[in-house]
Amino acid sequence: MTPDLMEEGARRVTAYAQAAARHRTASGGRAAGFARPIVPGEVDTTHGRILYLEDVSVSFDGFRAINKLSLDIAPGELRCIIGPNGAGKTTMMDIITGKTRPDAGTVFFGSTIDLLRYKEAEIAQMGIGRKFQKPTVFEQLTVYENLELALKTDKGVFASMRFRPDSAEGDRLAEVLRTIHLAPHADRLAGTLSHGQKQWLEIGMLLMQDPKLLLLDEPVAGMTDEETERTAELFLSLEGQHSLVVVEHDMKFVEQLTQGHKKVTVLHEGSVLAEGKLADVQSNDKVVEVYLGR
Ligand SMILES: Nc1ncnc2c1ncn2[C@@H]1O[C@H](COP(=O)(O)OP(=O)(O)OP(=O)(O)O)[C@@H](O)[C@H]1O
Ligand SMILES: [Mg+2]
């Protein structure tokens, strides 16, 4: 081989190594084959998950309320979570929303947002809405004003006083009013609504922020049968556009939501005891023993 051929070969090897180095990443060159820019504020669901918990544990005074809990939710999914009192259902929501810090484990919103690095208010801003059991609407304001207020929570007190919804926000408000079955009651004081209607109004207030993920803790507790049924219809209408995690003890409601085929998760002692179709988990011996059979 002549010296210049050898030199050219060496040059090619160096150029190849340099090009390869440019594409190499800490994770072993994945970026070269599958590059996705991280867009701030956007939830990356390309891996088919909007929420991902792995091996999460938390103890209170030595008591393990959550014990190596792993769970994931798909974009647009409506997932019901059931389980006995003290199973850790509410604590799980506290962890997702940043109210409680776990002792160990991983909690991701999409593939890129590590929720354990954010504060409760930041997590709410990212698009995780949470509904507690007790409705917290402003009773002295009208239904419409309550929804209007939900639009401007991040605008500060003085900006809020001057705030008027623009036309897109006005359209959204009207749409939410219809969704929560309160369009005919827009001008009523929230304090005069039934318990169920107050719950819908609070869900409407969450919807005004257009959350990607909604966490609903015992949303039909205290509702009449008819209100419960309409709430199920409401959640089914949100499925797809939003992901919903619904904790409930009311099996009739869960049955209506799962429509015979959706996955249900059973929590017990801070971990997943069973997962699958409602009919299957209902006939699971372990589930009957700790929960349904009581
Ligand atoms: N901040 C806290 N301090 C101490 N113990 C707590 C705290 N939060 C929850 N726990 C305990 O953790 C366990 C799980 O409670 P959690 O409220 O998550 O259960 P749950 O599944 O929501 O039950 P329920 O169906 O009754 O609402 C309970 O034993 C509870 O007493
Ligand atoms: Mg609870």
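**Helix 8, the sheet and ligand 1**

Trainee: How many of the 13 residues of helix 8 are buried?

Mentor: This is a predicted model, in which local features need pLDDT of at least 70, side-chain atom pairs count only at pLDDT 80 or more, and totals for chains, interfaces and linings use all residues. Residues are numbered from 1 along each chain as its sequence is written, while chains are lettered from A and ligands numbered from 1 in the order in which they are written. A residue is buried if 20 or more other C-beta atoms, placed from the backbone, lie within 10 Å of its own. Helix 8 is mostly covered, and among its buried residues are Trp 200 and Ile 203, the number buried being twelve.

Trainee: Which strands are at the edges of the open sheet?

Mentor: Helices (H or I, at least four residues) and strands (E, at least two) are DSSP runs, numbered from the N terminus, and two strands pair if DSSP finds at least two bridges between them. Six strands form the open sheet with mixed pairing, in the order 6-7-8-3-9-10. Each edge strand pairs on one side only, and these are strand 6 and strand 10 (271–277).

Trainee: Which helix gives the largest share of the shell around ligand 1?

Mentor: A residue is near a molecule if its C-beta atom, placed from the backbone, lies within 6 Å of it. The residues around ligand 1 include Phe 60, Gly 88, Lys 89, Thr 90 and Thr 91. The largest share, three residues, comes from helix 3.
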